[in-house]
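Trainee: Before I use this model, I want to know what stands behind each label. Can we take the terms one at a time?

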Amino acid sequence: DLTVAHPFTVDPSILKQTLILIPLSAAFVYIGFFYRKTYRVMGFTTNPEMRKFFGWLFVLTIPFVLYKDVSYLRYMLEHGGYAALYFSNGAQEKSVGMFVRGVGLVNNTSFFAYVILENRGRYLRAAILGFIGVLLLDLLTGFRGKFFENTIFLWMVYNIKTDRSFRPLTGGLIALGFIFAAVRAEIFRKTAAGAIHGNIVEYLLRDQGVSFYVTTSAVMFYHHFHPDIWRYLFDQIYLPFTVLSRLPPGALFTLDLTEFLNPHVAYFALGTGEAYLAHLYLIDKVWTVCVGSLVIGLLCRGLTKAKSVFSRTIAFSILLWIPYMPRAGYLQAVATSSKFILGAVASFVLYGIYAWIAHYVQKSRALDGS
């Protein structure tokens with residue numbers, strides 16, 4: 001009811017065609033990843049010196065992240081709710097400064113490096129829980145996708161590193177918890193305490209289950225949006241370095257689709273969101289869905305072959321966002337990672353300085369002893 005200005009129906013044949021795209025895409029993703037003999041999804045390594053450094057770097061930079069997130073949360077609450085973050089033109093980012101945001105990137109990448117290097121279960125568990133605990137502020141601010149996607153991915157990483165399996169009962173309970181948390185976060189960010197009427201799952205599906213219909217709209221209105229697909233793709237590259245309100249009208253598929261369905265809805269910070277399947281279909285329909293999905297699988301397989309800790313950290317930052325692609329654009333995972341590359345460079349430069357000083361001190365002590 002909020003997305004479209006006037007109700008309209010979707011032809012059943014369009015729905016069936018869209019439904020087919022989902023398993024078709026999944027099949028080609030898996031073909032791309034498993035076209036040869038299978039192996040572990042993510043490579044890890046050990047280096048006690050690096051592990052200690054990145055562990056402490058992660059812990060020491062947490063206060064900066066907390067300050068940033070609390071500042072965003074305060075800005076949101078003082079300026080009318082979640083919509084303020086979209087219409088502020090980056091004012092909330094200016095309020096914390098570039099240095100704090102830069103340290104926030106270092107915090108993320110030092111955590112990635114630490115997870116790659118840590119092989120002790122209790123320390124790994126403590127680091128992941130600490131990282132997720134800080135992310136709770138992002139959930140309150142309204143960035144639910146970031147919180148849930150990071151949590152699920154890190155759960156998977158923890159199971160891989162500790163040789164655990166996914167238990168159906170545990171997964172089901174966590175899924176129910178996610179549903180409840182997602183709805184409560186939605187109410188909090190819209191400051192609409194009485195928003196739920198009836199079943200909580202029904203509310204979630206009605207208010208949030210839009211990703212499938214983003215792809216459906218791409219199929220249904222293919223000829224309307226097809227001419228602009230390359231602009232939609234390339235404009236994702238600089239999206240991590242700007243805010244949505246600074247983008248010109250029509251820079252992204254979600255902006256065009258929202259405007260097309262209901263020109264007034266954007267004023268309420270509502271929108272359809274993106275979907276990688278929609279992007280692939282808009283290039284040249286079904287065959288580009290197959291090819292583009294195959295590329296995703298090949299990319300993931302290639303990322304698992306990263307050798308150095310630095311390259312594995314970059315690979316980790318890309319793989320982290322791959323599961324969110326059904327809710328994001330086709331290039332968004334790689335584009336988001338480009339921001340983390342800056343944090344990774346800063347983190348490893350700091351480690352290089354630390355290692356040089358440690359080596360110099362050790363050499364000086366050896367000379368004094370001799």
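**Labels and their grounds**

Mentor: Start with charges: R51, E118 and R120 are linked in a network of salt bridges. This is a predicted model; local features need pLDDT of at least 70, side-chain atom pairs count only at pLDDT 80 or more, and totals for chains, interfaces and linings use all residues. Residues are numbered from 1 along each chain as its sequence is written, and side-chain values use heavy atoms, with hydrogens and water left out.

Trainee: What makes E118 and R120 a salt bridge?

Mentor: The rule asks for a side-chain nitrogen of Lys or Arg within 4 Å of a carboxyl oxygen of Asp or Glu. In E118 and R120 the closest N and O atoms are 2.9 Å apart. So the pair meets the 4 Å rule.

Trainee: How many salt bridges does the rule give?

Mentor: The count comes to 5. K68 and D69 form one of them, with the closest N and O atoms 3.0 Å apart. R231 and D228 form another, at 3.1 Å.

Trainee: Why is E118 called buried, and R120 partly exposed?

Mentor: Buried means under 20% relative accessible area, exposed over 50%, and partly exposed in between (1.4 Å probe, protein chains only). E118 has 0%, so it is buried. R120 has 33%, so it is partly exposed.

Trainee: And where do R231 and D228 fall, buried or exposed?

Mentor: Neither: R231 has 33% relative accessibility and counts as partly exposed. D228, with 26%, is partly exposed too. In the other pair, both K68 and D69 are buried.

Trainee: How do you know that R301 has no salt bridge?

Mentor: The nearest side chain of opposite charge, D163, is 18 Å away. Lys and Arg count as positive, Asp and Glu as negative; His and the chain ends are not counted. Set 18 Å against the 4 Å limit, and therefore no salt bridge is assigned to R301. R301 is buried all the same.

Trainee: Which backbone atom lies by the side chain of R301?

Mentor: The backbone oxygen of F33 lies 2.6 Å from a polar atom of that side chain. R301 itself sits in helix α14 (residues 286-303). Helices here are DSSP runs of H or I, at least four residues, and strands are runs of E, at least two, numbered from the N terminus. The chain comes to 16 helices and 0 strands.

Trainee: What makes helix α13 mostly covered?

Mentor: In α13 (residues 276-284), 8 of its 9 residues are buried. Among them are Y276, H279 and Y281. Their cover includes α1 (12-33), α12 (253-261) and α14. After α13 comes K285, with a positive phi near 65°.

Trainee: Why is T313 called buried?

Mentor: Its relative accessible area is 1%, so T313 is under the 20% limit. T313 lies in helix α15 (residues 309-319). Beyond four places in sequence, T313 is in contact (heavy atoms within 4.5 Å) with residues including T109, F112 and F348.

Trainee: Where is confidence lowest, and where highest?

Mentor: The scale is pLDDT, the predictor's confidence in each residue, from 0 to 100. Helix α8 (residues 200-208) is lowest, at a mean of 60, and α13 is highest, at 96. Over residues 192-196 the pLDDT is below 50. Where pLDDT is low, the predicted coordinates should not be read in detail.

Notes: A polar contact is a pair of N or O atoms within 3.5 Å; within protein, one must be able to donate a hydrogen and the other to accept it, and residues adjacent in sequence count only if both atoms are side-chain atoms.
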